[in-house]
Amino acid sequence: MRVTVVGVERLEGTGKESKKPFSIGKVFATVKLETSHSDQGLTKGAMGTEYRVDVELVKRIEHLDFPVDAELTVEDVMRFGKRETKVLDVRPIARSAAPVQQLPKAA
């Protein structure tokens, strides 16, 4: 699956209360919306989404200047009774052609 990765998050440590080790990896990406028009409205463009990933995948790409286009290898798994997309690999393809633009500040 091809996406534009706009950021990553990596957290590792020991829980303050539980004293148990933790490691959390996330990849933040934009995915295309399928364009549709109807009497009720329209959908087009892209939306942001978050994928939970192994921390080692984040370490492999955290040095990149985002956004970057990447190919994700994914599989659907059941987790606590809900279907979730599990990312198995992140392979950067190229620097994204469209840089993220900041929104104007509210008045």
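Which strand holds phenylalanine 22? Phenylalanine 22 lies in strand S2, which covers residues 21-32. The model described here is predicted.

## Overall build

The protein has one helix and seven strands. From the N terminus on, the order is β-β-β-β-β-α-β-β. The radius of gyration is 17 Å, well over the 13 Å that the globule rule gives for 107 residues, so the protein is more spread out than a compact globule. Along the principal axes, the C-alpha atoms fill a box of roughly 55 × 35 × 35 Å.

Of the 107 residues, 21% count as buried. The protein exposes about 8,400 Å². Carbon and sulfur atoms supply 50% of that area. Contacts with a separation of 6 or more can also be split by distance along the chain: residues 24 or more positions apart account for 51% of them.

## A nonpolar patch

Back to phenylalanine 22. Is this residue buried or partly exposed? Phenylalanine 22 has a relative accessible area of 35%, so it counts as partly exposed, because that value falls between the 20% limit for buried and the 50% limit for exposed.

Phenylalanine 22 also belongs to a nonpolar surface patch. Its partners there are Leu11 and Ile24. The patch measures about 230 Å².

## Two loop residues with positive phi

Lysine 19 sits in the loop between strand S1 (2-14) and S2. Its phi is near 60°, a positive value in a residue other than glycine. Lysine 19 counts as exposed, at 61% relative accessibility.

Phenylalanine 80 is in the loop between S6 and strand S7 (82-95). Phenylalanine 80 is not a glycine, yet its phi is positive, at about 50°. How accessible is phenylalanine 80? Its relative accessibility is 77%, so the residue counts as exposed, because the cut-off is over 50%.

## A cis peptide bond

Which peptide bond is cis, with omega near 5°? The bond runs from phenylalanine 66 to proline 67. Proline 67 lies in a loop. That loop connects helix H1 (55-61) with strand S6 (68-79).

## Threonine 4 and its polar contact

Threonine 4 has its place in strand S1. Is threonine 4 buried or exposed? With a relative accessible area of 19%, threonine 4 is buried, because buried means under 20%.

The side chain of threonine 4 has a polar partner. This is the side chain of aspartate 69, at 3.0 Å.

## Glycine 48 in strand S5

Glycine 48 belongs to strand S5, residues 46-53. Glycine 48 counts as exposed, with 53% relative accessibility. What does glycine 48 touch, leaving aside its neighbours within four places in sequence? Glycine 48 is in contact with Ala29 and Thr30.

Glutamate 75 gives a longer view along the chain. Glycine 48 and glutamate 75 are 27 residues apart in sequence. Their C-alpha atoms are separated by 19 Å.

## Recap

The predicted model holds one helix and seven strands. Its spread goes beyond that of a compact globule. Leu11, Phe22 and Ile24 make a nonpolar surface patch. Lysine 19 has a positive phi, and phenylalanine 80 has one too. The bond from phenylalanine 66 to proline 67 is cis. Threonine 4 is buried, whereas glycine 48 is exposed.

Key. Residues are numbered from 1 along each chain as its sequence is written. This is a predicted model: local features need pLDDT of at least 70, side-chain atom pairs count only at pLDDT 80 or more; totals for chains, interfaces and linings use all residues. Side-chain values use heavy atoms; hydrogens and water are left out. Patches are made of residues with over 30% relative accessible area and no salt bridge: like charges are joined within 9 Å, nonpolar side chains (Val, Leu, Ile, Met, Phe, Trp, Tyr) within 5 Å. Accessible areas come from the Shrake-Rupley method with a 1.4 Å probe; for residues, only the protein chains shown count as cover. A salt bridge is a side-chain nitrogen of Lys or Arg within 4 Å of a carboxyl oxygen of Asp or Glu. Helices (H or I, at least four residues) and strands (E, at least two) are DSSP runs, numbered from the N terminus. Buried means under 20% relative accessible area, exposed over 50%, partly exposed in between (1.4 Å probe, protein chains only). A polar contact is a pair of N or O atoms within 3.5 Å; within protein, one must be able to donate a hydrogen and the other to accept it, and residues adjacent in sequence count only if both atoms are side-chain atoms. Contact means heavy atoms within 4.5 Å. The radius of gyration is taken over C-alpha atoms; the globule rule is 2.2 Å times the number of residues to the power 0.38.
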